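This report looks at the aromatic rings, the backbone and the surface of one protein chain. The sequence and the structure come first.

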Amino acid sequence: MSTSALEADFALQLYLLKHAGQWSYPLPLREYRFAPPRRWRADFAWPQQMILLEVEGGLHSRGRHTRGQGYERDLEKYAAAVGAGWTVLRVGAKQIASGEALSILESVLERASGKAPTPRAELVRAEEVAE
């Protein structure tokens, strides 16, 4: 299974933060099979915290995951993951480019580790609320 450019960008963000000492959480497992014997894979996984992160690409190009059967398969996969106790995060290009995906993930990892989430003003900007 190939890695998309968006997945590579997100992985690079995590790697750079980790190696700069600005990411205290473990780096994720990639292409993680979370429901054997099913062949479903999550783009990123933190199995100990039961967190999966899926990068949703092709949103504006009518990619496989946004059309009929592909979309239905993704819904089945996400529902099975949640039913098995996983937290599933879905992020897109805009969230990755802005750093919002990292902020959301960090909040979810904090909660999973029992820490109180750190308030992050950049998660919801006033102009986004007005839209």
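Phe-10 and Phe-44 are both buried. The model they belong to is a predicted one.

**Aromatic rings**

Five aromatic pairs are counted in this model. In one of them, the ring centres of Phe-10 and Phe-44 lie 5.2 Å apart and the ring planes stand at 75°; the angle is over 60 degrees, so the pair is edge-to-face. This pair connects distant parts of the chain, since Phe-10 belongs to helix H1 and Phe-44 to strand E2, with their positions 34 residues apart.

A single aromatic cluster is formed by Tyr-32, Phe-34, Trp-40 and Trp-86. Trp-40 also has a charged neighbour: the charged end of Arg-38 sits over the Trp-40 ring, at 3.9 Å from the ring centre.

**Backbone**

Which peptide bond is cis? The bond that runs from Pro-36 to Pro-37 is cis, and its omega is near 10°. Pro-37 lies in the loop between strand E1 and strand E2, the latter spanning 42–46.

Glu-31 has a positive phi although it is a residue other than glycine. Met-50 is not a glycine either, and its phi is positive too. The table sets out the two residues.

| Residue | Phi | Place | Relative accessible area |
|---|---|---|---|
| Glu-31 | near 50° | strand E1 | 17% |
| Met-50 | about 60° | loop between E2 and strand E3 (51–55) | 30% |

Is Glu-31 buried or exposed? Its relative accessible area is 17%, which is under 20%, so Glu-31 is buried. Met-50 has a value of 30%, which lies between the limits of 20% and 50%, and therefore counts as partly exposed.

**Surface**

Which residues make the nonpolar surface patch of about 380 Å²? The patch is made by Leu-12, Tyr-15, Leu-16 and Leu-27. Leu-27 is located in the loop that lies between helix H1 (5–19) and strand E1 (29–32). With a relative accessible area of 36%, Leu-27 is partly exposed. Residues must have over 30% relative accessible area to be part of a patch, and Leu-27 at 36% passes that limit.

Methods: Residues numbered from 1 in each chain as written. Predicted model: local features only at pLDDT ≥ 70, side-chain atom pairs only at ≥ 80, totals over all residues. Heavy atoms only, no water. Patch = residues over 30% accessible without salt bridge, like charges linked within 9 Å, V, L, I, M, F, W, Y side chains within 5 Å. Areas by Shrake-Rupley, 256 points an atom, 1.4 Å probe, with all protein chains shown as cover. Salt bridge = Lys/Arg side-chain N within 4 Å of Asp/Glu carboxyl O. Helix = DSSP H or I, 4+ residues; strand = E, 2+ residues; numbered from the N terminus. Buried < 20%, exposed > 50% of the residue type's maximum accessible area, 1.4 Å probe, protein only. Phe/Tyr/Trp six-rings, centres within 6.5 Å; stacked < 30°, edge-to-face > 60°. Lys NZ or Arg CZ within 6 Å of the ring centre and 35° of its normal.
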